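Please open the model in the viewer and keep the selection panel at hand. The tour proceeds by selections, each followed by what is found there.

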Amino acid sequence: MAAVVDESQKWVLMVTAQTPTNIAVIKYWGKRDEKLILPVNDSISVTLDPGHLCTTTTVSVSPSFTQDRMWLNGQEISLSGGRFQSCLREIRSRGCDVHDKEKGIKINKKDWDGLHVHIASFNNFPTAAGLASSAAGFACLVFALGKLMNVKEDQSQLSAIARQGSGSACRSLYGGFVKWIMGKDDKGTDSLAVQLADEKHWDELVIIIAVVSSRQKETSSTTGMRDTVETSLLLQHRAKEVVPKRILKMEEAIRNRDFASFAQLTCTDSNQFHAVCLDTCPPIFYMNDTSHRIISLVEKWNCSEGTPQVAYTFDAGPNAVMIARDRKTATLLLQKLLYTFPPNSDADLNSFVLGDKSILKDAGINAPEDIATLPPPPEIKGQQFKGDVSYFICTRPGRGPVVLSDETHLLNPETGLPNSFE
């Protein structure tokens, strides 16, 4: 049934939202239900500042649209996949009346099933390279559609819908520190995200990401998890015995801003996740030599200081996410990283260090030639690996999703088709 309109069927209604990505410090790996995306254990993540890593999504509805369509980073993609369909179905079923007096648009709750949507989404970081782009993407899709369709559910209930698109997406519905509760219900009603603390709770933390490779990974997370669940005995032990205790300790470390405990738990859990990948048949290798060198540098530095200065964690890819205890530590870390992994000779410093560039100034780096003057870190005996890191991103814990102003729409307000992504 078509929506009731005052003038014509030409109207287009749209909402644009921005959603952050997140990095798990206690990992999610393995599903107990593939279709509903129900995990075998709880997980905890830090939301990253959307100013540096985010997805922006515009969703629009019009009676003139003949089918649901989506464009990702300027390219049209199919919406036929089960995960997109689950999210669209769940949100449509919760849509409420919408009355836009200014445009003379009235949509009744029952009309949503008969209306098609156009979606345009843009990631400001590499898609499918182990930086949780699908998490930010599905979270943004669900959040934006919820606003467009006047859905009354709260963020936690919306997170249970986003989870059906990508498991980690449920954690991007909040800023700060977030826990995804695995839940017990077979239908997944209690498998959702809750905020443990907002981004202001522990704002001394600084995060540096080393993008070792922005290529798509060889083994997708979905395939990798399925193989691990089917073949790894270590995963069963991890989910049953190890993670529940770690979750409690991590919640306490976050609550008390206890960096030593936070770092120890984060590093240990990342390493166990990759051990579980190796314990899979056939084994999965997400990290590479550069990843291992970064671990070695951080471990040796932490050991020499007597207390952890930096935590590291790796998702399903070789990129390192390093969390420094404060800005001063982050500055030292960046100096060590730039010395060890300098850019190729033709690289532009501006495109080699992204995000919060003010840390570069703190580190005394104003031009590429300044890197050559840095002292060699004792941890790596002066070795250098030029070009092994594509670029660095300096960021921090950040806020959850927000609705953006009309000027930011990625779709044309008249036609509902994409603007140029140039």
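In which strand is the place of Asn22? In this predicted model, Asn22 belongs to strand β3, which covers residues 22-26. Asn22 counts as buried because its relative accessibility is 2%, under the 20% cut-off. Add Arg171 to the selection: its side chain makes a polar contact of 3.0 Å with the side chain of Asn22. Then show Ser168, whose backbone oxygen lies 3.2 Å from a polar atom of the Asn22 side chain.

Next, select helix α8, residues 327-340. Its end C-alpha atoms are 20 Å apart, in agreement with the 20 Å expected for 14 residues at 1.5 Å a residue. At the start of α8, a side-chain oxygen of Asp326 comes within 3.4 Å of the backbone nitrogen of Lys328. The helix is mostly covered, with 10 of its 14 residues buried; Lys336 is one of the buried residues. Display Trp301 as well: the charged end of Lys336 sits over the Trp301 ring, 4.8 Å from its centre.

Finally, turn to the aromatic pairs, of which there are 11. Select Trp202 and Phe262: their ring centres are 5.2 Å apart and their planes stand at 70 degrees, so the pair is edge-to-face. This pair links distant parts of the chain, with Trp202 in the loop between β14 and β15 and Phe262 in helix α6, 60 residues apart. Trp202 is buried at 2% relative accessible area, and Phe262 is buried at 0%. Add Phe259, which forms a tilted pair with Phe262, at 6.0 Å centre to centre and 40 degrees between the planes. With Phe177 included, ring pairs link Phe177, Trp202, Phe259 and Phe262 into a cluster.

Methods. Residues are numbered from 1 along each chain as its sequence is written. This is a predicted model: local features need pLDDT of at least 70, side-chain atom pairs count only at pLDDT 80 or more; totals for chains, interfaces and linings use all residues. Side-chain values use heavy atoms; hydrogens and water are left out. Helices (H or I, at least four residues) and strands (E, at least two) are DSSP runs, numbered from the N terminus. Buried means under 20% relative accessible area, exposed over 50%, partly exposed in between (1.4 Å probe, protein chains only). A polar contact is a pair of N or O atoms within 3.5 Å; within protein, one must be able to donate a hydrogen and the other to accept it, and residues adjacent in sequence count only if both atoms are side-chain atoms. The expected span of a helix is 1.5 Å times one less than its number of residues. Rings of Phe, Tyr and Trp (its six-membered ring) pair if their centres lie within 6.5 Å; planes under 30 degrees apart count as stacked, over 60 as edge-to-face and the rest as tilted. A charge sits over a ring if NZ of Lys or CZ of Arg is within 6 Å of the ring centre and within 35 degrees of the ring normal.
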